[in-house]
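Reader: Hi! Could you walk me through this one while I have it open?
Author: Happy to, ask away.

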Amino acid sequence: FGMPSTSANNNNFLTYQDSALGIKIDYPVGWTHELHAGSLVTFLASLESDSNTYPAGLGVTIKHLGSRNTSLNEVTKVQIKNLTQSHPDFKLIESTNSMLAGNIAHKIVFSAIDNMKHERKAMQIWTFKGDNVYLITYKAEPGKYSKYLPTVQKMIDALQIIKYNSHQTYCTALTQTQYSEINSLNSDSIF
C-alpha cells in the first residue's frame, strides 16, 4: 500500500489520496490533515486569532462490516442511539437522506459537547460501498458552523471512494456483535 499523498489542484484546494483507506478528497490550502489509527483521517481548519481551539474540522472514517446484511436505516438508528447515549446533551437538528461519493447516504445535523469539552454543532454523513461503511463527521464551534459549511460541503462533494476491496489489510475483522461494530463508527477522536 502506498503512503497518503497530497497534490495541488485549482481553486485553492489540495487533493489528499490514501490508497490504503481507498479514498480521495480535496481540502483547503491552509488546513492540516492527520492520519489516525482506526482508519481515520482528519482535516482541521487553521486556528483563528480569537481562539486556541480549531474552529472547524472534518474526519473521514472507514469501517469494515464484513458481509452482513446491514441496512442504511439500521446504521442510522444505531448511530443516533449511540450519540444519544455517549452525549447526554445530544440534540438532533436534522435527519435526512443524502448522497456521498455517488452512493445513497444518510445525513444528520446535531449539537453536543465534544470529547474536548467544547460545544459543537456537527454533521455526519454515512454510506456503504462493498463491505465498508464510510462516515464523514464535520464539527465546528456553533457560531462558526455556517461560515465553514460551504468549504466543508465542497470537501464532501469531492470525496471519491477509489478502492473498496473488503480484504484490505487496514481493515481488521471485528469479532464483536454487529451493533458494536456500527457503534464504533462514532470514534471519540472525531466527536
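Reader: Let me start small: which residue in β5 is the bridge partner of Thr32?
Author: That would be Leu44. One thing to keep in mind throughout is that this is a predicted model.

Reader: Thanks! And what stands opposite His33 in β5?
Author: Phe43 is the residue facing His33 there. β4 and β5 run antiparallel and are joined by 5 bridges.

Reader: How many residues sit between β4 and β5 in the hairpin?
Author: The hairpin has 3 residues between the two strands, and Gly38 in the turn has a positive phi of about 80 degrees.

Reader: Zooming out a bit, what is the strand order in the open sheet?
Author: The order is β4-β5-β6-β10-β9-β8-β7, so to speak reading across 7 strands, with antiparallel pairing. β4 and β7 (91-100) are at the edges with a single partner strand each, so one side of each has no neighbour in the sheet. From one strand to the next, the twist averages 15 degrees.

Reader: Nice. Which strands does helix α1 lie across?
Author: Helix α1 (residues 72-86) lies across β7, β8, β9 and β10, and runs at about 155 degrees to β9.

Reader: And what about α2, at what angle does it run to β9?
Author: α2 runs at about 15 degrees to β9. The strands that α2 lies across are β5, β6, β7, β8, β9 and β10.

Reader: Let's talk packing. Which residues have the most contacts inside the largest nonpolar core?
Author: Those are Phe43, Leu58, Val60 and Tyr138, in a core of 30 residues. Contributions of at least two residues each come from β2, β3, β5, β6, β8, β9, β10 and α2. The largest share, 5 residues, is supplied by α2. As background, nonpolar side chains in soluble globular proteins tend to be buried together.

Reader: What is Val60 in contact with, leaving aside its neighbours within four places in sequence?
Author: Val60 contacts Ile23, Ile25, Ser39, Leu40, Val41, Phe43, Leu135 and Ile136. Apart from the largest core lies another core of 13 residues, including Val75, Ile80, Ile108 and Phe110.

Reader: Phe43 keeps turning up! Is Phe43 buried or exposed?
Author: Phe43 counts as buried, because its relative accessibility is 0%. Phe43 also belongs to an aromatic cluster with Tyr16 and Tyr27.

Reader: Oh, good. How many aromatic pairs are there in the structure?
Author: The structure holds 5 of them. In one, the ring centres of Tyr27 and Phe43 are 5.1 Å apart with planes at 40 degrees, so the pair is tilted. Tyr27 lies in strand β3 and Phe43 in strand β5, so this pair ties together parts that are 16 residues apart in sequence. Tyr27 counts as buried too, because its relative accessibility is 3%.

Reader: What kind of pair do Trp31 and Tyr148 make?
Author: Their ring centres are 6.2 Å apart and the planes are at 65 degrees, so that pair is edge-to-face. Trp31 is in the loop between β3 and β4, while Tyr148 is in helix α2, 117 residues apart. Both Trp31 and Tyr148 are buried.

Reader: Last topic: which side chain does Lys139 join through a polar contact?
Author: The side chain of Asp114, at 2.9 Å. Lys139 lies in strand β10 (residues 132-140), and counts as buried because its relative accessibility is 16%, which falls under the 20% cut-off.

Key: Residues numbered from 1 in each chain as written. Predicted model: local features only at pLDDT ≥ 70, side-chain atom pairs only at ≥ 80, totals over all residues. Heavy atoms only, no water. Phe/Tyr/Trp six-rings, centres within 6.5 Å; stacked < 30°, edge-to-face > 60°. Helix = DSSP H or I, 4+ residues; strand = E, 2+ residues; numbered from the N terminus. Buried < 20%, exposed > 50% of the residue type's maximum accessible area, 1.4 Å probe, protein only. Pairing = 2+ DSSP bridges. Polar contact = N/O pair within 3.5 Å; in protein donor to acceptor, adjacent residues only side chain to side chain. Axes fitted to C-alpha atoms, helices over the stretch in contact; angles between N-to-C directions. Contact = heavy atoms within 4.5 Å. Core = buried A, V, L, I, M, F, W, Y, C linked by side-chain atoms within 4.5 Å.
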